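User: Could you take me through one part of this model in detail? I would like a close look at the first helix and what surrounds it, with the cut-offs spelled out.

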Amino acid sequence: MKQIDDRALIGARNNADLYEAVFRAHGLRFRRPPHAFFAVDKPPPYYATVSLTAPIDPGSFLAELADTASLHGRTLTVKDSFDQLDLGPFGFERLFTSQWIYRRAQPVALPDGWRLIADADELRAWEAGWRGSPLDTDAMFPPNLLDLADIRFLGRANDGNFRAGCIANLSADCIGLSNVFDTDKSPEMFAEAALAAGSLDGNRPVVGYERADTLDSARRIGFDAVGPLTVWSSSNAQF
């Protein structure tokens, strides 16, 4: 079994914590044994059906994937959090490969102009900024997420329109940074989002996963790339 950086494990578990919060907010069923998060109901957009949280034996895990594929009509998205699987022979396509990122704990201040999202109207405006269009469909992030102590939406608004933002989800051993957006495409955007998330608790490292130019931005501001992950997708998985 390949060696996995402990910091990648921290990131994968934190990401599953976010999954759990979002699934609960939508009233969706899931299973979360020690090694993976499994959607029982259809996941929301951009969320995988299966997301690994610990190293596995690929051979035995394929049987679990086969059962999950049957449950979801053979349509399956798998976040292989440690790049352990080759799902090509089973009817999957590789959507993308990314890197877990980790920045050590450090006290930082909330950047100027950024704030915590406080109510349902602000969250709706934040999601419109994240989507890049008016929110005329069901919300991806229901307002009951604002009631959770470990999920925080942060953003920077002008005239009520959120032009930058991120989600920070707090686990016991880290803060997860995700859903970073910036409608102005500023080169400082990722750095500001990382500071916004880190400002919630200077005693916890900030984790996430990124690729391409955003990964380069993360490295420039002190994040380490600590291990690959791959997302696979199939509309007709065959096991």
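Analyst: Happy to; what follows goes from the ends of helix 1 to its salt bridges and then to the nonpolar cores.

A word on the basis: this is a predicted model, in which local features need pLDDT of at least 70 and side-chain atom pairs count only at pLDDT 80 or more, while totals for chains, interfaces and linings use all residues. Residues are numbered from 1 along each chain as its sequence is written, and side-chain values use heavy atoms, with hydrogens and water left out.

Helix 1 covers residues 6-26; helices here are DSSP runs of H or I with at least four residues, strands are E runs of at least two, and both are numbered from the N terminus. From first C-alpha to last, the 21 residues of helix 1 reach 31 Å, close to the expected 30 Å (1.5 Å times one less than the number of residues). At the N-terminal end, Asp-5 acts as the cap, with a side-chain oxygen 2.8 Å from the backbone nitrogen of Arg-7. Just after the helix, Gly-27 has a positive phi of about 70 degrees.

Now the charged side chains. Asp-17, Glu-20, Arg-24 and Arg-32 are linked in a network of salt bridges (a side-chain nitrogen of Lys or Arg within 4 Å of a carboxyl oxygen of Asp or Glu). Within helix 1, Arg-24 and Glu-20 are four residues apart, about one turn, and their closest N and O atoms are 3.1 Å apart. An α-helix has 3.6 residues a turn, so residues three or four places apart point the same way. Arg-32 pairs with Asp-17 at 2.8 Å between the closest N and O atoms. This pair joins distant parts of the chain: Asp-17 is in helix 1, while Arg-32 sits 15 residues away in the loop between strand 1 (30-31) and strand 2.

How open are these residues? Arg-24 is exposed at 54% relative accessible area, whereas Arg-32 at 31% and Asp-17 at 29% are partly exposed. The classes are buried under 20%, exposed over 50% and partly exposed in between, using a 1.4 Å probe and protein chains only.

Finally, the nonpolar side. A nonpolar core is a set of buried Ala, Val, Leu, Ile, Met, Phe, Trp, Tyr and Cys residues joined through side-chain atoms within 4.5 Å. The largest has 29 residues, and Phe-61 and Val-78 have the most contacts inside it. Helix 1 is among the elements that each supply at least two residues of this core. A second, separate core of 25 residues includes Ala-16 and Ala-25.

Conventions: Polar contact = N/O pair within 3.5 Å; in protein donor to acceptor, adjacent residues only side chain to side chain.
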